[in-house]
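Please open the model in your viewer and keep a selection panel at hand. The tour below goes from one selection to the next and says what is there.

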Amino acid sequence: MGIIRELCVEHTNLNDEDIAIIEQMAANLQSMADITQADFFIDCATRDPDVAVVIAEAKPHTAPSLYRTSVVGQLALKQNEPAVIRTQQTGQLTLGMRGTSQEGIPIKQSVVPILNPPGQTIGTLIMEQDITEQVRTEAQVELLVETAEQLTETLLQVAMQDRALPDILMDALVVANHEGVVTYANPIAVSIYKKLGIHNDVIGRKLTDLSLDSSIAKALLEDGTFVTREINVGNLVLLIKALPLLRAAKVVGYIMLIRDISEIRSKEKELMVKSAVIQEIHHRVKNNLQTIASLLRLQQRRVDSPSVKKAFADSINRIMSTAIVHEVLSREGLEMINVKEVAQEIAQMLKSTMIEPDRNIVTNISGDEIVLTSKQATSVGLIINELVHNAIDHAFGERKEGSINIVFRDSASIVSIEVHDDGWGFPEHFSIRKSRGLGLSIVHALVEEDLKGMIRFSNVSGAHIHITFPKTVESQEVFGDGANQGGRR
């Protein structure tokens, strides 16, 4: 006699036909466990209607089992496995009911009745899942809720009895009881309500009358949810936060905080207007500079001297470099500007105006994104213009190819800019102080006088210029003296 038949004979009233059905069902139990990765059992009712006996079991081979040992032959009690007893007694499917395994593990059971041909429930097919982690999480949440309720209750008691804490708050505080009747309002709250025309004592009023917005009262009093709203009432802009106070999942009061943010919103509007005005100013300055450059181009076409034409071209590029700074500022609407972006636009402008189509002079700009004030950015823009201009004019001679690299570095409060070409380099014993070149003289003046920085010239497989300056410079003018010495490198 098999173990199933022995247990059935010992504990149940099943006949041979019913036992045969149970045995047939047990033969497929392992496949079910492996497919679903869960523990499966067959329980049958004992002669005690509130007790079942485990007739068969299958632990999954594809996942960890809930059980360390076999539970076949053990009894399942109603208090531990209510789902099994329910299905056993009603013949109905039971899904997701919690219980406790024979080894004391919290489980979730799904139970299907096993019926014989007449439709009688002769056993139950059980799938069990471990919910230990879920139970642990729920316990932690419950503990947190309980702690929060205790804290809010303490706050409520302080507000309603001691009335010490609310007076040091910077926001208006309104406290109501569980019926929504205001029991406390601090002086700031009273002041705000007076501005809104509520001069009588707010204590004793309904919170619905003082919430200033029907949606706040509904969410708070009817839905019992935390509310945060920004509303406009008269000339005031108010930020309202309100929440119910709970104790044992029951509302015992309400707290509403009100902050007057009228001045903040007013300042924001002023800044928006100023920003738009500044953008327009930069846009107009850029247009005016472009107009000046256009006039110089017209004048440039009327002269025959190559040296004068070149002087015009140099001046036009300097004006356009400054115009690029104002163009970026007009787009961004701020007084801070990314000089790497400015350098890219200046390099592109110089390439399009100075490099003949049959030459391949490449400009590479890399390194950190550096944001500077408009004053510093204007100086940097002019410096980049002069150095790239100088390299295109003098570094490569008759060469058709070459490269100019600009690298930005942002080290805390120090900005570093390196401009390096792969051309001929500086003449031997080159000195900026003895140089008669206007471009490099302008660069020298801008670095030392405007940016309060340092500049070094060297030859490293071509000309290498390294500029460093502090990131923040106060009270500097955009343009330096720019000694007008004439000449180039």
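**Stops on the tour**

Begin by selecting residues 172-177, strand E7, together with residues 250-260, strand E11: in this predicted model, the two strands run antiparallel and are joined by six bridges. To find one of the paired positions, pick Ala172, whose bridge partner in E11 is Ile258.

Next, widen the selection to the sheet around this pair, an open sheet of five strands in the order E8-E7-E11-E10-E9, with antiparallel pairing. Its edges are strand E8, residues 182-185, and strand E9, residues 227-233, each of which pairs on one side only. Looking from one strand to the next, you should find a twist that averages 20°.

With the sheet still displayed, add residues 187-195, helix H6, which lies across E7, E8, E11 and strand E10 (236-247) and runs at about 95° to E7. Then add residues 214-222, helix H8, which also packs on the sheet, where it touches E9, E10 and E11, and whose direction makes about 160° with that of E9.

Now clear the selection and turn to residues 39-45, strand E1, and residues 51-58, strand E2. These strands form a hairpin, with five residues between them, and six bridges join them in an antiparallel arrangement. Within the hairpin, Asp43 stands opposite Val54 of E2. If you colour E2 by accessibility, where "buried" is taken as under 20% relative accessible area, the strand proves mostly covered, with seven of its eight residues buried. Adding residues 75-77, strand E3, shows a further partner of E2, paired in the antiparallel sense over three bridges; here the bridge partner of Val51 is Leu77 in E3.

The last stop is the largest pocket, which has a volume of about 350 Å³. Centre the view on Lys310, Ala313, Thr353, Met354 and Asp393, which are the closest to the pocket centre of the 18 residues that line it. The elements that give two or more residues to this lining are helix H9 (262-301), helix H10 (306-332), helix H11 (339-354) and helix H12 (374-394), so select these four helices to frame the site. Which helix contributes the largest share of the lining? That share, five residues, comes from H10. Colouring the lining residues by class divides them into four nonpolar, five polar and nine charged, a breakdown to keep on screen while you inspect the pocket.

Conventions: Residues numbered from 1 in each chain as written. Predicted model: local features only at pLDDT ≥ 70, side-chain atom pairs only at ≥ 80, totals over all residues. Heavy atoms only, no water. Pairing = 2+ DSSP bridges. Axes fitted to C-alpha atoms, helices over the stretch in contact; angles between N-to-C directions. Contact = heavy atoms within 4.5 Å. 1 Å grid on protein atoms, 1.4 Å probe; cavity = no way out; pocket = protein on both sides within 12 Å on 5 of 7 lines; lining within 4 Å. Points joined across faces, edges and corners; volume = space filled by probe spheres on them. Nonpolar A, V, L, I, M, F, W, Y, C, P; charged D, E, K, R; others polar. Buried < 20%, exposed > 50% of the residue type's maximum accessible area, 1.4 Å probe, protein only.
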